[in-house]
Amino acid sequence: MAVFSKAPLAGLLAVLTGATVLAACGTDSTSSGGGGGGTTIQIWEGYTQVEAKAFAHLVSQYEATHPGQKVNTLYVNSDNTLQKVLTAVRGGSPPDIAYLYGSWAPNVAEIPSVVNLTQVVKRPEVNWNDFWTGERAVATVDGKVIGIPALVDNLAVVYNKTLFAKAGLPVPGPDWTWQDFVADAKKLTNPAIKQYGTAYVTPGTEDTVWHWEPLLWEAGGQLLTPDNKKAAFDSPAGLASLNTLRQMAVTDKSMYLDPSDSAYGNLFNSGKIGMLVTGPWDLATFDNVKYGVQVMPAYPGTSGAHQTISGPDNWVVFNNGSAKTAAAEQFLIWLTNATQDTYFAVKTGDLPIRQSVGSDASVVQQMNTAVPGMATFIANLGNVKQARPQIPQYPKISTVLGTMIVSVLLGKSQPQAALSAAAQQVNQILAAG
Amino acid sequence: MAVAVRRPAARRPSSRRPSARRVIGSEQFSGWAFVTPGVVIILLFGAVPIVWSAVMSFQRNNLLSPSTPFVGTANYRKMIHDPVVAQAIQHTLVYTVLFVPGTMLVGLFLAVAMNRKIRFISFYRTAAYATMAVSTISEAIVFIWLFDPSYGVVNYFLSAFGIPPQQFLNSPSEALYVIVIMTIWGWTGFSVVIYLAALQGVPQQLIEAASIDGAGPWQAFRRVTLPLLSPASLFLAVWLTINALQLFDEVYLSTQGGPLNATTVLVYYLYIQAFQQFNFGYASAIAYFLFLVIIVVTVIQFRVGRRFTYYRS
């Protein structure tokens with residue numbers, strides 16, 4: 001039976017063409033909004049719950065105080081924003097502003113329609129140097145500013161006060177060392193009741209890697225040479241940092257290894273883990289235990305002192321014509337100024353993105369009362385002295401480093417062998433460009 | 001049958017060109033008219049990306065920058081020298097070889113057990129199918145905790161038999177098998193339903209005839225029931241294999257390809273290449289390689305399966 005014949009196919013084609021034309025019309029009519037008296041900008045953000053509420057409040061406040069300006073917000077899960085932005089850029093209709101993870105910055109810089117904000121942040125009302133060093137570093141790629149800081153955090157040690165008391169240990173002080181950390185972890189470990197001194201995430205992703213990078217920096221090491229051309233972590237500092245991890249994971253067995261990146265928080269909240277290197281976002285979920293927060297330990301005798309790593313995120317502006325770009329810049333400058341930053345930090349518990357707000361005693365006190373330990377995380381922002389290399393190859397390098405760290409943690413390779421192998425691979429990646 | 005059939009209209013010379021009204025009124029036209037919306041959607045969201053990714057597989061393309069140089073077969077040649085691709089192929093094959101027969105056997109066993117009149121049978125049937133209704137994320141979280149090296153129930157049971165605790169998802173040599181078990185559990189409901197439906201179609205008189213001829217229950221199952229289930233088995237084998245070769249969700253949710261790439265399968269690796277490392281050209285090449293593998297495997301399955309499949313007409 002001849003199901004297919006030519007005439008109906010032609011009809012089908014006609015219908016198809018019609019549909020395409022209709023779709024094209026649809027795009028045209030929607031994208032020609034704005035203009036005239038006011039400007040409407042579209043912003044993609046990933047806020048939920050308290051953050052969403054606070055952000056919506058700020059947006060409506062902005063619209064009320066800036067007649068003619070309209071801000072349309074669209075919720076996009078932040079994990080997927082870059083994928084969606086890429087699609088939208090290809091389709092010719094990117095949002096005017098998108099919330100993008102800082103780790104994407106070097107790749108985001110390659111998108112042609114990303115607006116260069118280098119001149120914008122020089123305006124006095126931006127007060128660019130009031131943003132933390134780590135934030136400015138992540139918003140800048142090859143000297144070009146591609147975003148305005150949207151969020152900042154950092155890693156510190158959250159410890160269980162009850163478990164420290166039970167083990168007869170003094171709680172960590174601000175001058176503690178990694179030697180202290182390792183010794184405490186060992187004493188806090190009790191296999192009989194399945195209690196661990198500390199934990200580490202081992203999927204081998206960037207989450208694995210960024211927990212290790214501050215150790216390298218504190219030991220006085222660097223990830224890459226200053227020109228970002230060669231690996232520099234195959235060094236005594238790199239060895240010291242991996243030896244610290246190996247001591248706990250392999251020798252003392254004081255470290256719970258979490259392959260799924262999802263269990264450690266619950267375990268800490270159940271009193272099964274003594275110390276956790278984590279960020280401020282976890283604090284609110286630790287409601288079952290009495291916890292304290294201390295800065296990351298140091299390696300004595302090195303230049304590194306106490307450091308930490310920050311994973312700042314950016315507001316990135318996309319070019320949809322000069323009117324929209326100007327409106328988007330104006331909104332971001334307003335959104336990230338000290339008044340709005342104070343409101344957002346106090347309402348949501350997100351760390352202040354400005355140093356002036358972070359050093360405001362009343363803000364710190366309010367945040368620390370709402371969620372104990374916040375004061376330490378805010379002060380710890382001063383310990384963010386370095387950022388990950390801002391190069392497009394970083395995601396590939398991160399994969400290599402993840403494998404290196406996990407192979408040491410699982411006892412599959414010795415620290416020096418793992419360092420050498422990883423350095424060789426990283427050099428290849430960098431040479432390939 | 002010698003009934004006089006009216007000659008088809010098209011044979012008559014006067015109406016060689018069908019009039020417009022006749023075309024619109026024809027069954028073919030209305031058929032196409034009905035399926036057009038579906039066809040448009042499939043072309044738009046299926047065919048276009050398929051063609052586009054074929055083009056991308058010959059480019060160096062990160063989707064970010066507008067420059068997308070044509071690199072010929074470089075992406076395909078790169079696969080040959082990429083050790084992770086070799087690992088991913090190996091993991092995908094091991095997974096498929098264990099998952100497909102595993103799911104079919106467990107499903108067949110449960111379906112046979114439930115193909116009888118016992119109390120609460122509909123409850124059991126619903127329970128078996130519930131594994132399909134549970135979302136993959138819940139499934140993954142439950143299995144992560146079941147197989148947790150320190151706190152998991154599985155190690156607790158093993159210790160009751162004197163077996164030392166296993167590292168499971170933390171062990172490069174065990175993680176893939178945990179994912180096999182997890183996905184067999186998740187897909188069992190599907191194979192139970194297919195087999196149950198097929199079992200309903202096995203005529204009781206054939207089994208009675210076999211037992212009158214002296215066949216025991218096992219022989220009757222082996223010689224009568226199983227051959228009659230063969231179309232269902234072939235369907236399941238093909239369907240589950242295609243799904244197995246495309247394993248992603250469970251890996252993404254439980255191990256993220258780790259530890260040390262032990263659970264990196266092809267689709268997960270192409271996801272990493274595309275969306276973490278922005279090598280869309282290379283990822284497209286891997287996708288096309290997988291596409292070829294699936295076609296070849298499916299054709300072989302149909303060829304071989306035809307020999308063992310019995311269709312009652």
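**Exercise 1. Work out whether A:Ser254 is buried or exposed, and describe its surroundings.**

A:Ser254 has 26 other C-beta atoms within 10 Å. The cut-off for buried is 20 or more, so A:Ser254 counts as buried. Bear in mind that we're working with a predicted model here.

Next, place the residue. A:Ser254 sits in the loop between helix H9 (236–251) and S9 of chain A.

Now look at who is around. Skipping neighbours within four places in sequence, the contacts of A:Ser254 are A:Ala185, A:Lys186, A:Thr189, A:Tyr196, A:Gly197, A:Thr198 and A:Met248.

Finally, try a distance. A:Thr202 is 52 residues from A:Ser254 in sequence, and their C-alpha atoms are 15 Å apart in space.

**Exercise 2. Do the same for A:Trp212: is it buried or exposed?**

Start with the element: A:Trp212 belongs to helix H8 (residues 206–218) of chain A.

Then count. With 24 other C-beta atoms within 10 Å, A:Trp212 is buried.

For contacts, again leave out neighbours within four places in sequence; A:Trp212 then touches A:Ser241 and A:Ile405.

As for distance, A:Asn80 is 132 residues away along the chain, and 25 Å separates its C-alpha atom from that of A:Trp212.

**Exercise 3. Find out how many residues of strand S7 (residues 156–160) of chain A are buried, and which strands pair with it.**

Five of the five residues of S7(A) are buried, so the strand is largely enclosed by the rest of the structure.

Check each face in turn. On one side you have A:Ala156, A:Val158 and A:Asn160, on the other A:Val157 and A:Tyr159, and all of them are buried, so both faces are covered.

Now for the partners. S7(A) runs antiparallel to strand S10 (residues 275–278) of chain A, with four bridges between them. Within this pairing, A:Val157 stands opposite A:Val277.

Strand S11 (residues 291–294) of chain A is also antiparallel to S7(A), again through four bridges. Here A:Val158 has A:Val293 as its bridge partner.

**Exercise 4. Describe chain A as a whole, then say which domains it is divided into and how they meet.**

Take the inventory: chain A has 17 helices and 12 strands. Its C-alpha trace spans about 80 × 65 × 45 Å along the principal axes. Of the 433 residues in chain A, 49% are buried.

Then see how far along the sequence the contacts reach. Among contacts in chain A with a separation of 6 or more, 72% link residues 24 or more positions apart.

Now split the chain. Domain 1 covers 38–146 + 312–383, and domain 2 covers 156–309 + 387–432. Their C-alpha centres are 29 Å apart.

At the boundary, 18 residues of domain 1 of chain A are in contact with 19 residues of domain 2 of chain A. On the domain 1 side, the elements giving two or more residues are helix H4 (105–108), helix H5 (133–139) and helix H15 (374–380) of chain A. H15(A) gives the most, with four residues. By class, this domain 1 side has nine nonpolar, eight polar and one charged.

**Exercise 5. Say how many residues each chain brings to the contact between A and B, and which element of chain A gives the most.**

Count both sides: chain A brings 32 residues and chain B brings 28 residues.

On the chain A side, helix H1 (6–31), helix H3 (81–90), strand S9 (255–258) and helix H16 (394–409) each supply at least two residues. H1(A) gives the most, with seven residues.

Sort the chain A side by class, and you get 17 nonpolar, 11 polar and four charged residues.

**Exercise 6. Compare the expected span of helix H2 (residues 27–56) of chain B with the distance between its ends, then say where it has a kink.**

At 1.5 Å a residue, the 30 residues of H2(B) should span 44 Å. The end C-alpha atoms are 40 Å apart, which agrees.

Now look for the bend. H2(B) has a kink of about 50 degrees at B:Thr36, shortly before the proline B:Pro37.

Next, burial: two of the 30 residues of H2(B) are buried, so the helix lies largely in the open.

To finish, set this beside the domain assignment of chain B, which gives domain 1 (21–56) and domain 2 (76–308). The C-alpha centres of these two domains of chain B lie 33 Å apart.

Notes
Residues numbered from 1 in each chain as written. Chains lettered and ligands numbered in written order. Predicted model: local features only at pLDDT ≥ 70, side-chain atom pairs only at ≥ 80, totals over all residues. Expected span 1.5 Å × (residues − 1). Bend = angle between axes of the 7 residues up to and from the residue. Buried ≥ 20, exposed ≤ 12 C-beta atoms within 10 Å, placed from the backbone. Contact = placed C-beta atoms within 7 Å. Nonpolar A, V, L, I, M, F, W, Y, C, P; charged D, E, K, R; others polar. Pairing = 2+ DSSP bridges. Domains from an automatic or database assignment.
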